[in-house]
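Open the model in your viewer and keep the selection tool at hand. The stops below go from one strand outward to its sheet, then to the helices and a second sheet.

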Amino acid sequence: MIKDVIKELKSSVSEREYSEWEISIQKYIEKLLHRENIEDILFEHVTFGIVDKNRIHMGLENIMVYNPEKGYWEKAVYILRLILDAFHKEYTERNVTEIANIICGKVNSLRGTINLRKQYSGSRYLLYENGIFDLKEMKLNPIKTIKDLSGIVGIDFGQKFDINGEKLSVPEMFFTSKHMHMRDLMVDSPLPSFPISTANEIWTPHDWLLRTNDGKQEQVTYFLQLLGAMLVPNHFFECFIEINEKDTSDKNVLLSLVKEIYNNDSIKLNYKLSELKRKKPFSGKVDAHTNIIGISEANGAVLSAKETNLISALVNIESMILPGLNPLPLLVIESEGWLKFNDVKNTVSGINRRLLPLDLTESDDKCHFPLSAFKNKEVIDWFNWQALVALHDLTEGNENFIFEIDDIKTLPDFARRWHFTAVNGDDEYMKHFIKYLTPALHVGYLPIPLMYQLYSGLARLENRDEYIKSPKSFKDVFCTYLDEEYGIENYGGTLRKIEEEELGIDFSELNNMIELSKDINEYRNSIYAKYPIPDWIQIK
């Protein structure tokens with residue numbers, strides 16, 4: 001489209017006129033954009049957009065040019081420089097600004113100029129070179145264009161997409177190059193296979209996925225869902241991803257796949273944890289064009305409270321840690337061993353409500369394959385399609401999908417165990433508490449508030465107050481450890497009155513270290529025996 005416009009611009013200028021414009025670049029610029037026919041050509045065939053009409057006086061930064069063949073908006077400076085280059089003139093940034101000012105003076109009142117609102121930040125539509133993929137309908141929609149009598153490609157404003165109940169044309173969706181996956185999407189891409197030269201067997205990406213995910217298909221699905229989430233640009237999932245890996249040749253495959261599928265510079269990888277110690281982390285490196293920030297080689301480091309809070313801030317929608325970035329990029333941390341967060345109670349940082357875990361430490365040591373295989377087009381196409389299928393099953397095309405880790409039950413059982421370990425580390429004191437309870441436990445029901453009384457009482461008696469978690473954090477950790485030791489049938493959630501005969505603990509079997517409360521000593525008269533409560537668990 002832009003080349004066609006420039007071609008028509010040049011065809012409207014005679015050789016004599018062109019030579020007369022050698023007088024000065026300033027006069028050349030003025031003549032170029034004040035000739036009625038050239039100006040008409042420019043404004044007739046180029047669709048301009050204004051990012052903020054209230055700031056039109058600021059000029060170049062608020063003027064965008066739409067590329068109908070790609071389906072996204074570009075900075076106006078791009079086409080202005082192309083115009084100058086096409087006429088073989090030397091020019092400066094000042095000259096470009098002068099042209100921009102001329103355009104700014106006209107574009108605000110120009111018929112057909114689009115008032116651009118917020119950039120598309122939903123999780124339903126993904127932009128590829130061969131069209132817009134609808135994650136709800138699982139359909140690839142080629143971007144429709146039209147050609148005028150001069151053969152110049154223009155916009156088909158009749159093509160509309162539903163965004164939260166509003167029908168918008170592609171230009172009105174406000175895609176930019178940040179949204180573009182610089183490759184075609186191959187729908188229903190077939191599973192490729194390759195012979196392994198060092199062994200008498202055939203390798204496929206699905207084999208690799210199974211071996212990488214402990215041979216469990218449910219973990220393969222989860223892996224692909226996270227890959228799919230990373231392929232959604234300019235969207236805030238309200239989480240960060242921590243990948244626990246072991247030292248293998250397959251490290252970094254996941255993020256390498258993401259980078260290959262985007263095939264642009266919006267994926268910023270290989271940062272170190274030391275970046276979190278800077279006064280302005282990622283300063284000058286991460287910008288509004290960034291989709292993913294990748295931190296690698298974290299290696300189970302112990303984080304300070306400052307670093308922990310900074311990670312939490314990077315997944316807080318109201319954070320000002322990276323001003324001007326809205327939404328914030330998705331943070332992905334790769335580590336050999338889960339990070340250790342300096343926040344025992346898990347109440348200050350909110351890490352436990354934001355961490356989305358992926359544990360690859362149980363991968364088969366025989367699953368290695370050259371990283372070059374993951375740059376193969378057929379392999380990339382297959383992973384791309386499988387990730388979108390998995391993401392569709394997870395989100396059902398929800399425009400505003402987020403990972404609701406506040407409700408840990410939204411994660412699969414294995415991911416809940418990973419999350420518990422990643423957030424809490426190896427909680428030796430909880431193990432100590434359960435060991436204290438062991439002689440008294442049996443099949444039956446446990447009221448969580450009573451368990452918390454025993455837990456906090458034991459910690460105070462042993463002068464271990466710093467280990468006392470909040471009631472909510474205690475419940476999550478206690479249930480996870482107890483489930484590993486005994487197996488838990490139910491986690492409560494419905495109201496239940498627990499009779500003394502139904503209890504899964506015999507308080508008389510506890511040693512007399514702790515002064516037991518009245519609710520325990522006189523359980524039949526306690527609120528737990530008289531009234532239904534929601535917080536209880538059942539030991540099998």
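Select N244 and D359: in this predicted model, D359 of β21 is the bridge partner of N244. Now widen the selection to both strands. Strand β15 covers residues 240–244, and its pairing with β21 is parallel, over five bridges.

**Strand β21**

Select residues 355–359. Is this strand enclosed by the rest of the structure, or open to the outside? Five of its five residues are buried, so β21 is largely enclosed by the rest of the structure. Show the side chains next. L355, P357 and D359 point one way, while L356 and L358 point the other way, and all are buried. In a regular strand, side chains alternate between the two faces of the sheet.

**The sheet around it**

Add β16, β17 and β19 to β15 and β21. These five strands make an open sheet with parallel pairing, in the order β16-β17-β19-β15-β21. Which strands are at the edges? They are β16 (267–271) and β21, each of which pairs on one side only. On average, neighbouring strands of this sheet are turned by 15° against each other, direction ignored.

**Helices across the sheet**

Select α10, residues 253–262. This helix lies across β15, β16, β17 (292–295), β19 (330–335) and β21, and runs at about 150° to β16. Then select residues 413–424, which form helix α13. Helix α13 lies across β15 and β21, at about 110° to β21.

**α9 against α10**

Keep α10 and add α9, residues 217–230. The two helices pack at an angle of about 40°, and their axes are 10 Å apart. That angle makes α9 oblique to α10. Their crossing is right-handed. For the contact itself, show F223, L227 and M230 in α9, which meet L254, L255, V258 and Y262 in α10.

**α14 against α16**

Move to another helix pair: α14 (residues 428–437) and α16 (residues 471–485). How are they packed, and how far apart are their axes? The packing angle is about 60°, with the axes 10 Å apart. At this angle α14 is oblique to α16. The crossing of α14 and α16 is right-handed. From α14, show M430, K431, F433, I434 and L437; these meet F474, V477, F478, Y481, L482 and E485 in α16.

**A second sheet**

Select β1, β2, β3 and β4. They form an open sheet of four strands with mixed pairing, ordered β3-β2-β1-β4. The edge strands are β3 (72–75) and β4 (114–115), and each pairs on one side only. Strand β1, residues 48–50, runs parallel to β4 and is joined to it by two bridges. To find one of these positions, select G49 and its bridge partner in β4, I114.

**The whole model**

Zoom out to the full protein. How many helices and strands does the protein have? There are 18 helices and 24 strands. Of its 540 residues, 51% are buried. Colour by element on the surface: the protein exposes about 25,600 Å², and carbon and sulfur atoms supply 48% of that area. Among contacts with a separation of 6 or more, 75% are between residues 24 or more positions apart.

Notes: Residues are numbered from 1 along each chain as its sequence is written. This is a predicted model: local features need pLDDT of at least 70, side-chain atom pairs count only at pLDDT 80 or more; totals for chains, interfaces and linings use all residues. Side-chain values use heavy atoms; hydrogens and water are left out. Buried means under 20% relative accessible area, exposed over 50%, partly exposed in between (1.4 Å probe, protein chains only). Contact means heavy atoms within 4.5 Å. Accessible areas come from the Shrake-Rupley method with a 1.4 Å probe; for residues, only the protein chains shown count as cover. Two strands pair if DSSP finds at least two bridges between them. Axes are lines fitted to C-alpha atoms, for helices over the stretch in contact, and angles run from 0 to 180 degrees between N-to-C directions. Angles under 35 degrees count as roughly parallel, over 145 as roughly antiparallel, 65 to 115 as roughly perpendicular and the rest as oblique. A crossing is left-handed if the near helix is turned anticlockwise from the far one by less than a right angle, and right-handed if clockwise.
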